[in-house]
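User: I would like to go through this model with you, one question at a time. Please give the reasoning before each result.

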Amino acid sequence: MKKYVLAMLLAGSVVLEGCAIGSAPYVEGVNLTDGASDENVEQSNDSEAGDDAVSADDTAAEDSAVTDESVDGDYEQFTKDYTDDIKTKVTEITASSNSLTDELTSIVALYDEYDSLSTNAPNQTAMNEVCGWGTVVWKEECLSLLGRMETSDPAGYQDVKSEYDNWEKYVPAMAQKMCDSYADGSIYPVIYSYNTAMRYKRYAYILASSLADIQGEVTFSFPDSTMCGYYGDYSSDSYLIITEGMESGSYDIVIHIDDTKEIRGWGSVDENSDDSEVIAFTSDDAAVEGTIDCFALGATFYVSASDGSIVSQEESYDFTFKY
């Protein structure tokens, strides 16, 4: 996500309207041409971010640049429907990989390939049009893993599939919560698509781990790891969100408790901890400080200092599981 933000800071953030280009993948809850969220997405959030307004002449010039085939690179890459290509490549990767760990590593590389379409796009409109293909990559990997789980464990498959279907209904809400500070900006579709893709990626890792257990693949391991994610029951009113911050090594954090308490702040890896997955947290108003312990199955927020207005010192909050 950080590279998207940096790219947009360099290019300038603009609010664009007009006709969509190409056959971009549908991303639920997002109008890919104007950066606004759909009213039907659950639990929409108010945003403090403002729009960067441009004149009609500037917008027309920007849209003209999108359709100008003289831009660097092949213009067709920003209008092509990649669905069949992605399905074919995922099938080829699963057939040729020696292990599930190798498979996930190759899918990460495939995601990066389609992610580069956005980073190489000539302007914001083109970025918004192609940003959803990374989600398609990870969704196809999830479906592939589910298919193999059905074959390997027919008795347990239905429970796994039912849980996946239920989780999938909440993906738009989770992704929206994770990027609500961008809701009024033209970069919103890119950030939303990134967070959506990462939810499918995380679930692909969960499914791959389960399939590795079924198949007896004892050497299975995740090819990469990050503390960023959505912690807590996705259908509940308590959750912890960790996303990358603007500064290298920093994190933006939202701690939402029982729909009655919410603390927003930032953090970085706690230099005083022996564990590299502990974040030192400070609220935006500096009224709350604490630590966040992250692990594979969840996170715990411990309050080390507080003015008592929202939470009390030495309180602890658990957020079970990570999505």
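**Strands, a helix and cysteines**

Analyst: This is a predicted model. In it, strand β4 (residues 261–269) pairs with β5 in the antiparallel sense, over 5 bridges.

User: Which residue in β5 does Trp266 stand opposite?
Analyst: β4 and β5 are antiparallel partners. Across this pairing, Trp266 stands opposite Thr282.

User: How many bridges join β5 to strand β6?
Analyst: β6 covers residues 288–295 and runs antiparallel to β5. Ile279 stands opposite Ile292 in β6. The number of bridges joining β5 to β6 is 5.

User: Which residue in the hairpin of β5 and β6 takes a positive phi?
Analyst: The hairpin has 4 residues between the strands. The phi in question is near 65 degrees. The residue is Ala286.

User: How many residues of strand β5 are buried?
Analyst: Buried means under 20% relative accessible area. β5 spans residues 278–283 and is largely enclosed by the rest of the structure. Of its 6 residues, the number buried is 5.

User: How far apart are the end C-alpha atoms of helix α9?
Analyst: α9 has 28 residues, 188–215. At 1.5 Å a residue, the helix should span 40 Å. The distance between its end C-alpha atoms agrees: 40 Å.

User: Why is Cys228 not bonded to the closest cysteine sulfur, and how many disulfides does a search of the whole structure find?
Analyst: A disulfide needs two cysteine sulfur atoms within 2.5 Å. The closest cysteine sulfur to that of Cys228 is in Cys294, 8.9 Å away, so it is too far for a bond. Cys228 is also buried, at 15% relative accessible area. Over the whole structure, the number of disulfides found is 0.

Terms used
Residues are numbered from 1 along each chain as its sequence is written. This is a predicted model: local features need pLDDT of at least 70, side-chain atom pairs count only at pLDDT 80 or more; totals for chains, interfaces and linings use all residues. Side-chain values use heavy atoms; hydrogens and water are left out. Helices (H or I, at least four residues) and strands (E, at least two) are DSSP runs, numbered from the N terminus. The expected span of a helix is 1.5 Å times one less than its number of residues. Buried means under 20% relative accessible area, exposed over 50%, partly exposed in between (1.4 Å probe, protein chains only). Two strands pair if DSSP finds at least two bridges between them.
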